[in-house]
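Thank you for making the time this morning. Please bring the structure up on the screen, and I will go through it in a few steps.

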Amino acid sequence: MILGLDIGNTHIVIGCMENGEILNVFRMASDSSKTEDEYAVEISGVLKFHDVPTTGITGSVISCVVPPLTSVFSRAIKMLTGVDSVIVGAGIKTGLNILIDDPGTLAADMVSAAVGALAAYAPPLIIVDLGTATKMFVINKNGAFIGGAIMPGVSLSMNALSAGASLLPLVPIDAPRACISTNTVDCMKSGATYGAAAMVDGMIQRFEEELGEPATIVATGGIAEPIYRHCRREIAHDPYLILRGLWAIYEKNRAGSKQTER
């Protein structure tokens with residue numbers, strides 16, 4: 001069994017995977033001020049709670065978009081399990097053809113999501129990752145990553161709106177009964193959910209116009225659930241797309257992850 005860690009700006013998703021199957025998934029908050037010892041204790045506690053013995057962990061693969069946490073988690077996993085983690089980044093085999101201006105700048109989560117999508121869906125693909133940022137990117141019919149767009153995430157935008165407007169409260173991200181709402185809270189919910197869904201639909205249309213053909217749309221990310229189902233386009237929801245990509249990347253690089261004595 002291996003651990004796949006998707007470390008984002010807000011949350012960390014950890015999956016226990018074996019033979020390509022995701023057995024357990026748990027989440028914790030991202031905090032770049034914590035040490036490897038603190039995270040090792042937290043991960044140990046979560047694994048124990050889910051009855052997952054650390055002795056059964058033979059590998060680890062990490063996708064991280066918070067640079068200070070990459071080495072912290074690598075050391076935490078080594079302390080806890082005795083294995084060296086595969087880190088998604090320069091020099092790692094992914095099998096992904098990246099056709100952007102500077103392929104080295106492509107974030108690890110986007111690489112992992114693209115690899116996971118290509119393992120499960122036929123290109124061309126448009127991947128919609130709704131998290132702290134809303135990221136939409138395109139894989140063409142030849143399976144190459146050709147670019148996309150990045151927008152402020154739904155929660156980030158709503159937090160900024162509430163902070164910048166004295167009379168607007170902080171509201172949860174869920175849809176009201178109608179798009180044309182009749183009170184402040186529901187109006188904000190409408191803007192957050194239906195507005196984000198309309199933005200996703202509109203960007204998909206523009207992407208497909210540039211591609212010159214329709215694409216399969218896949219949504220993932222921590223805030224995908226309340227948004228994608230209000231889109232008018234048919235969208236497949238795959239909440240563990242990055243974990244699936246991490247499994248595939250680990251398999252391509254497993255010789256670089258070795259177990260040591262504890």
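Which element gives the most residues to the lining of the largest pocket? Before I answer, please keep in mind that what you see is a predicted model. The element is α7, which gives 3 residues to that lining.

Let me stay with this pocket for a moment. The space in the largest pocket comes to about 670 Å³, and of the 30 residues that line it, those closest to its centre are Arg-27, Leu-130, Gly-131, Gly-221 and Gly-222. Besides α7 (241-253), the elements that give two or more residues to the lining are β1 (2-7), β2 (11-18), β3 (21-29), β7 (125-130) and β8 (133-139). If we sort the lining of the largest pocket by class, we find 13 nonpolar, 11 polar and 6 charged residues.

The second largest pocket has a volume of about 210 Å³, and its lining is made up of Val-88, Gly-89, Ala-90, Ile-92, Thr-94, Ile-98, Pro-103, Gly-104, Leu-106, Ala-108 and Val-111. Here the division is 8 nonpolar and 3 polar residues, with no charged residues in the lining.

Two of those residues, Val-88 and Val-111, lead us to the next topic, the nonpolar core. As a general background, nonpolar side chains in soluble globular proteins tend to be buried together. In this model the largest nonpolar core has 31 residues, and those with the most contacts inside it are Val-61, Val-88, Leu-96, Val-111, Phe-137 and Phe-145. Two or more residues of this core come from each of β2, α3 (108-120), β7, β8 and α7, and the largest share, 8 residues, comes from α7. So α7, which gives the most to the lining of the largest pocket, also gives the largest share of this core.

Now to the strands. There is an open sheet of 6 strands with mixed pairing, and its order is β6-β9-β8-β7-β10-β11. The strands at the edges are β6 (97-98) and β11 (236-237), and because each has a single partner strand, one side of each is left without a neighbour in the sheet. For β6, the pairing with β9 (residues 144-152) runs in the parallel sense over 2 bridges, and within that pairing Asn-97 has Ala-144 of β9 as its bridge partner.

How many disulfides does the structure hold? The number is 0, and two of the cysteines let us see the reasoning. Cys-64 is buried, at 13% relative accessible area, and its sulfur is 18 Å from the closest cysteine sulfur, that of Cys-16, which is too far for a bond. Cys-231 is likewise buried, at 11% relative accessibility, and the closest cysteine sulfur, in Cys-179, is 13 Å from its own, again too far for a bond.

I will finish with two residues in the region of α2. Is Val-66, in the loop between β4 (59-64) and α2, buried or exposed? With a relative accessibility of 13%, Val-66 counts as buried, and its C-alpha atom is separated by 9.3 Å from that of Asp-31, although the two are 35 residues apart along the chain. Ser-74, by contrast, is found within helix α2 (residues 67-81) itself and is partly exposed, with a relative accessible area of 22%. The C-alpha atoms of Ser-74 and Ser-63 are separated by 11 Å, and these residues are 11 apart along the chain.

Terms used: Residues are numbered from 1 along each chain as its sequence is written. This is a predicted model: local features need pLDDT of at least 70, side-chain atom pairs count only at pLDDT 80 or more; totals for chains, interfaces and linings use all residues. Side-chain values use heavy atoms; hydrogens and water are left out. On a 1 Å grid over the protein atoms alone, a cavity is a set of points where a 1.4 Å probe fits but cannot get out, and a pocket is an open set with protein on both sides within 12 Å along at least five of seven lines; lining residues have an atom within 4 Å of a point. Grid points are joined across faces, edges and corners, and a volume is the space filled by probe spheres set on the points. Helices (H or I, at least four residues) and strands (E, at least two) are DSSP runs, numbered from the N terminus. Ala, Val, Leu, Ile, Met, Phe, Trp, Tyr, Cys and Pro count as nonpolar, Asp, Glu, Lys and Arg as charged, and the others, Gly among them, as polar. Two strands pair if DSSP finds at least two bridges between them. A disulfide is a pair of cysteine sulfur atoms within 2.5 Å. Buried means under 20% relative accessible area, exposed over 50%, partly exposed in between (1.4 Å probe, protein chains only). A nonpolar core is a set of buried Ala, Val, Leu, Ile, Met, Phe, Trp, Tyr and Cys residues joined through side-chain atoms within 4.5 Å.
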